[in-house]
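Grab a pencil and work through these exercises with the structure open beside you. Try each task on your own before you read the solution.

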Amino acid sequence: MAQKSLNVQLRTETGKNINRRLRNSGYIPAVLYSHGNTEAITVRKKDFHSLFNGPVSESVIFDIKFTGKSSDSDQMAFVKDYQTDPVSGEILHIDLFKVTLGEKIHTKVPIEYIGTAKGTKVGGQFEISERELEIECMPKNLPGKIEVDISELDIGDALHAKAIPLDEEITLLTNPETVLASVHVIKTAKEEDVEVEEEAEVPAEEMTDLDDTAESEKK
Amino acid sequence: MLMPKRTKYRKQQRGRMKGTAAKGAAIAFGEYALKTLEAGKISSRQIESARIAITRKVRRGGKLWIRIFPDYPETKKPAETRMGKGKGNPDSWVARIKPGKILFEISGIDGDLAKEALKSASHKLPVKTKVVSIHS
């Protein structure tokens with residue numbers, strides 16, 4: 001299950017200045033918590049990104065190894081939440097949730113759509129509405145991703161959350177009626193261009209409308 | 001073009017735009033998106049122009065989301081007018097954006113075409129932008 005591991009260090013100092021300095025030196029401030037028990041830690045940025053193939057996932061459980069502590073203190077955890085910089089997208093802070101082996105966890109798992117929808121071959125367009133499923137399960141049963149075959153989807157068909165085959169040990173928390181993906185008729189760009197040309201004549205009127213409303217408000 | 005249906009007041013104070021975008025800074029609907037790296041004002045004409053650039057590039061298929069709305073009235077004094085005598089008349093509608101804001105999102109098309117379409121849209125905008133995706 002948890003083959004990957006992450007080296008962490010305990011963090012005694014808190015506050016924005018300390019954390020800013022940490023980020024500049026290649027570390028990410030983080031917290032490791034469970035039920036009411038929180039520890040402030042730091043994680044090496046490089047090590048953290050090597051845990052995932054691509055974007056950060058909440059469905060990867062990994063070992064936590066405290067540097068400078070005995071192996072007894074090693075635990076397992078997964079990413080519960082993380083904050084990113086809105087401009088650069090860099091990770092600013094991570095929330096790690098401690099895994100207790102006998103306790104169910106509640107997390108989001110990415111959905112991977114496999115195959116080509118039947119409807120797309122006859123002019124339909126495949127559209128994804130949801131890319132993650134919210135589930136509850138024991139840590140040992142947590143899947144890294146959920147694979148869904150979409151080859152049978154025809155035009156007008158929709159794939160609902162309840163239609164996804166899950167193991168018996170996994171409970172679906174997403175609303176079963178939620179549409180995950182659908183195939184519908186394509187709207188061509190030509191139709192839209194005609195609309196645009198029609199709209200292009202309107203602006204002058206819109207500006208006068210704005211002034212008209214202004215005058216009526218004055219009165 | 002995009003504009004509010006009705007507003008409570010005709011003119012608004014300019015205020016300041018400091019900091020980064022707190023909301024609308026993550027991809028919410030599509031697969032690829034255009035993110036602004038600067039603060040600025042994007043007019044309804046520029047939004048429409050960028051939208052047309054994307055639809056012309058994509059031609060067929062795909063879905064586009066416009067994540068900004070021009071709800072701020074820009075005023076302008078008439079030409080050859082002396083200064084003073086109050087604030088000018090409403091002239092156009094703009095969206096005020098902060099760095100990090102997602103402007104357009106696109107899905108349902110090939111990644112290279114999506115990036116190309118978003119890049120062509122960026123040429124119509126008065127701010128520096130970058131293309132981001134949910135896969136990175």
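Two residues are in contact when heavy atoms of theirs lie within 4.5 Å. Keep in mind that this is a predicted model.

**Exercise 1. Get a feel for chain B**

Task: Work out which helices and strands chain B has, and in what order they run.

Solution:
- Start by counting: chain B comes to two helices and seven strands.
- Next, walk from the N terminus, and you meet β-β-α-β-β-β-β-α-β.
- Now look at the dimensions: along the principal axes, the C-alpha atoms of chain B fill a box of roughly 55 × 30 × 25 Å.
- Chain B has 136 residues, and 45% of them count as buried.
- Finally, use the contact idea from above. Take the contacts in chain B with a separation of 6 or more: residues 24 or more positions apart account for 84% of them.

**Exercise 2. Odd backbone angles in a loop**

Task: Look at B:Glu80 and B:Lys85, and find out where each of them sits in chain B.

Solution:
- First, some background: most residues other than glycine have a negative phi.
- B:Glu80 isn't a glycine, yet its phi is positive, at about 55°. B:Lys85 isn't a glycine either, and its phi is positive at about 60°.
- Where are they? B:Glu80 is in the loop between β4 (72-76) and β5 (89-97) of chain B, and B:Lys85 is in the loop between β4 and β5 of chain B too.
- Buried or exposed? The cut-off for exposed is over 50% relative accessible area. B:Glu80 has 87% relative accessibility, so it counts as exposed. B:Lys85 has 85%, so it counts as exposed as well.

**Exercise 3. Another loop residue**

Task: Decide how B:Arg59 is classed: buried, partly exposed or exposed.

Solution:
- Find B:Arg59 in the loop between α1 (44-58) and β3 (63-66) of chain B.
- Its relative accessible area is 39%, so B:Arg59 is partly exposed.
- Then jump along the chain to B:Ala114: B:Arg59 and B:Ala114 are 55 residues apart in sequence, and their C-alpha atoms are 11 Å apart in space.

**Exercise 4. Strand partners in chain A**

Task: Find the strands that pair with β5(A), and say in which sense they pair.

Solution:
- One partner is strand β4 (residues 62-66) of chain A, which pairs with β5(A) in the antiparallel sense over three bridges. Here A:Asp63 stands opposite A:Met76 in β5(A).
- Another partner is β6(A), antiparallel to β5(A) over seven bridges. Here A:Ala77 stands opposite A:Lys98 in β6(A).
- Look at the link: β5(A) and β6(A) form a hairpin with six residues between them, and A:Gly89 in the turn has a positive phi of about 80°.

**Exercise 5. The core of chain A**

Task: Which residues touch the most other members of the largest nonpolar core?

Solution:
- This core has 29 residues, and the ones touching the most other members are A:Tyr113, A:Phe126 and A:Leu133.
- Several elements of chain A give two or more residues to this core, including β2 (27-33), β5 (75-84) and β8 (124-128). β7(A) gives the most, with four residues.
- Check the domains: the core draws at least three residues from each of domain 1 (5-99) and domain 2 (107-186) of chain A.
- Zoom in on A:Tyr113. Leaving out residues up to four places away in sequence, A:Tyr113 touches, among others, A:Phe126, A:Ile128, A:Val148 and A:Leu180.

**Exercise 6. Rings and charges**

Task: What is the arrangement of the rings of A:Tyr33 and A:Phe97: stacked, tilted or edge-to-face?

Solution:
- There are five aromatic pairs over all chains. In the pair of A:Tyr33 and A:Phe97, the centres are 5.7 Å apart and the planes lie at 85°, so this is an edge-to-face pair.
- A:Tyr33 is in strand β2 and A:Phe97 in strand β6 (residues 91-98) of chain A, 64 residues apart.
- Ring pairs link A:Tyr33, A:Phe78 and A:Phe97 into a cluster.
- A:Phe97 is buried, as its relative accessible area is 14%. The charged end of A:Lys80 sits over its ring, 5.2 Å from the centre.
- For practice, move to chain B: the charged end of B:Arg96 sits over the ring of B:Tyr72, 4.6 Å from its centre.

Conventions. Residues numbered from 1 in each chain as written. Chains lettered and ligands numbered in written order. Predicted model: local features only at pLDDT ≥ 70, side-chain atom pairs only at ≥ 80, totals over all residues. Heavy atoms only, no water. Core = buried A, V, L, I, M, F, W, Y, C linked by side-chain atoms within 4.5 Å. Buried < 20%, exposed > 50% of the residue type's maximum accessible area, 1.4 Å probe, protein only. Domains from an automatic or database assignment. Phe/Tyr/Trp six-rings, centres within 6.5 Å; stacked < 30°, edge-to-face > 60°. Lys NZ or Arg CZ within 6 Å of the ring centre and 35° of its normal. Pairing = 2+ DSSP bridges.
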